[in-house]
Amino acid sequence: MRRRTPGAEHGRVTENIAGLPMSPLEILALMGAVALVVARWLPPAARPRVTVAAGAVLLPSAIVLGVAGIRWQLLPVLAGAAFALPFALSPLLRRRTGRPAWRARWWPALPGSVACVGLIATSPVAAWAFPVPVFPEPTGGFAVGTRVVQWTDPHRPETFTADPGDLRTVVVQLWYPARRSPAGARRAQYLGRTEHEARTVSEALARGVGLPGFLVDGVPRARSRAVFDAPVAGGGERFPVVLFSPGSGGVRTQNTAWAEELASHGYVVAALDHPYDSAAVVLADGRTITTETASTGDPAKDEELAAGWTAVRAADLGFVLTRLDALDRGESADPLTGRLDTGRAAVTGHSMGGAATLQAARQDRRFHAVIDLDGYPHGPASPALDQPALALTQAVTPATDPRYLPRLTEALGSGTATSYRLTVPGAAHLTFMDGPLYLPPVPSIVGSLGRTEGPRVVAAATLAFLDSVLRGKPGDLAGVLPAYGSLSVHHPGDKA
């Protein structure tokens, strides 16, 4: 695949249309290819005009897409058009030379035309299965800004390397309430600060699940709803802080739609890359650190490893909260100084990140709320949680680890604050991240809620919880949360 040239992204012609799996130029190329095939079956007087019109649409579209970077999903369209082209051009060339127009008999031409149409038709199907993700418009009253920071913990050596002088470094992406940007402002690249970083991360994520990178080459082309380095919203309001840890092998951007929705409602979201655990972390000096965590197949050994990895993540989360507090107090000049209410902080995570949030909350009482997005609890179950917690899970099936719900129930039920477990019907493990926006809509992979409904439900449920716990919004969570699934409430003193 050819990569997009620097100037090719400024127009919207190569971006998908909301609700459709293809961009306007891709649709034009598709229509041109179909017209070339159909031309063979038109009356002689109409064939030349249709052929010329089809070529006038197809050729420029293909050239622009070639410069911008053709997605693999369009290759069947070009192959079908190339096969049909000689048959469509032959009558035109014969007429120009004065020779009688020639057309193959219908009975050998029909299978070829059907094959061409079938080949071309695979393109929108492939584009539907592996689209360029279109991010939902945030529903809150704020525009959303984003930026990336990198922090090194001077008190913590990097345990994944043998170098005693190597200190633990994390990359953090912030989403925050922002002022409205001018119309046409360039939206933030998904998966990275640059297209090169986005492609590096996308290819690493694909390798992590055993997919060839080209299948998801639409993902690094996507742009979210935030604007990089947008000015912070005016008014002087202080915003509660929500930290986020991704799943095993996951990356800081994996819950971008969720983060943007929270930021639009007045929260600052800080999502972490965990080096040597996240699929790929691109540092400020250009180095890329890939994952070194892998299961062994031995359940006891894997549990021990997972507990260790979770402990590292929990320490990362506590360190980032410390840095955010320093940033708010003005230890370094920053647009968010004085705007971060770290006294109202929540810790959140997906999958292994969810396990890390439970550990971080147990170790650090500065976190006032905990959200576990379908995360299996690893590590010690004590001390008990002092903070209200919300666990969102998929429905239990015969394939569910039988230890999962008992361990989660123990973590929630032994706490000293009221906690909630919300089972989201139709959800799968990847429903709780951006996966439904760009992966094939197969229920076993991304659930059955659809491309946008899953992320919407997850964001709405977490917002209801955060508004109640961090902002003291009136209302009974036990009466609100059942709108999003089946709710179990764990009161202090209940037996796990």
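Contact here means heavy atoms within 4.5 Å. On that basis, and leaving aside neighbours within four places in sequence, S351 is in contact with G247, L373, D374, G375, Y376 and H429. The structure is a predicted model. S351 sits in the loop between β8 (340-350) and α8 (352-363). Its relative accessibility is 19%, and buried means under 20%, so S351 counts as buried. From S351 to V227 the sequence separation is 124 residues. In space, the C-alpha atoms of S351 and V227 are 28 Å apart.

The protein chain has 496 residues, and buried residues make up 54% of them. It contains 12 helices and 12 strands. Along its principal axes, the C-alpha trace spans about 90 × 50 × 50 Å. Contacts with a separation of 6 or more were also examined by sequence distance. Of these, 72% are accounted for by residues 24 or more positions apart.

Helix α8 follows the loop that holds S351. The 12 residues of α8 should span 16 Å at 1.5 Å a residue. The end C-alpha atoms of α8 are 17 Å apart, which agrees. Burial was then considered residue by residue. In α8, 11 of the 12 residues are buried, so the helix is largely enclosed by the rest of the structure. The buried residues are M352, G353, G354, A355, A356, T357, L358, Q359, A360, A361 and R362. Their cover includes two helices, α7 (299-328) and α9. It also includes the strands β4 (239-245), β8 and β9 (367-373).

Helix α8 also takes part in lining a cavity. The whole structure holds 6 cavities of 30 Å³ or more. The second largest cavity has a volume of about 70 Å³. Its lining consists of L358, Q359, R362, P377, H378, G379, P380, A381, R407, E410 and A411. Both α8 and α9 (404-413) supply at least two residues each to this lining. By class, 5 of the lining residues are nonpolar, 3 are polar and 3 are charged. Three residues of this lining, L358, Q359 and R362, also appear among the buried residues of α8.

Open pockets were examined as well. The second largest pocket has a volume of about 320 Å³. It is lined by 15 residues. Of these, E137, A143, R180, R225 and V227 lie nearest the centre of the pocket. The lining of this pocket divides into 7 nonpolar, 3 polar and 5 charged residues. V227, one of the residues nearest the pocket centre, is the residue that lies 28 Å from S351, C-alpha to C-alpha.

The largest nonpolar core has 42 residues. Within it, W151, V172, L243, L317, V320, L324 and F367 touch the most other members. Helix α7 gives the largest share of this core, 7 residues. Apart from this core lies another, of 34 residues, with F244, A259, L373 and L463 among them. L373 is also one of the contacts of S351. V320, from the 42-residue core, is in contact with W151, V170, V172, L243 and L272, leaving aside neighbours within four places in sequence.

Three further residues were examined individually. T169 is found in strand β2 (residues 167-178). With a relative accessible area of 14%, T169 is buried. Beyond its neighbours within four places in sequence, T169 is in contact with Q150, W151, T152, E158, P275 and L283. W151 is thus shared between the contacts of T169 and those of V320. T169 and A395 are 226 residues apart in sequence. Their C-alpha atoms are 36 Å apart in space.

T256 lies in helix α6 (residues 256-264). Its relative accessibility is 2%, so T256 counts as buried. Leaving aside neighbours within four places in sequence, T256 is in contact with F135, W175, Y190, S224 and D434.

H490 lies in strand β12 (residues 486-490). At 11% relative accessibility, H490 counts as buried. With neighbours within four places in sequence again left aside, H490 is in contact with T409, L412, G413, A417, T418 and S419.

Note on methods:
Residues are numbered from 1 along each chain as its sequence is written. This is a predicted model: local features need pLDDT of at least 70, side-chain atom pairs count only at pLDDT 80 or more; totals for chains, interfaces and linings use all residues. Side-chain values use heavy atoms; hydrogens and water are left out. Helices (H or I, at least four residues) and strands (E, at least two) are DSSP runs, numbered from the N terminus. Buried means under 20% relative accessible area, exposed over 50%, partly exposed in between (1.4 Å probe, protein chains only). On a 1 Å grid over the protein atoms alone, a cavity is a set of points where a 1.4 Å probe fits but cannot get out, and a pocket is an open set with protein on both sides within 12 Å along at least five of seven lines; lining residues have an atom within 4 Å of a point. Grid points are joined across faces, edges and corners, and a volume is the space filled by probe spheres set on the points. Ala, Val, Leu, Ile, Met, Phe, Trp, Tyr, Cys and Pro count as nonpolar, Asp, Glu, Lys and Arg as charged, and the others, Gly among them, as polar. The expected span of a helix is 1.5 Å times one less than its number of residues. A nonpolar core is a set of buried Ala, Val, Leu, Ile, Met, Phe, Trp, Tyr and Cys residues joined through side-chain atoms within 4.5 Å.
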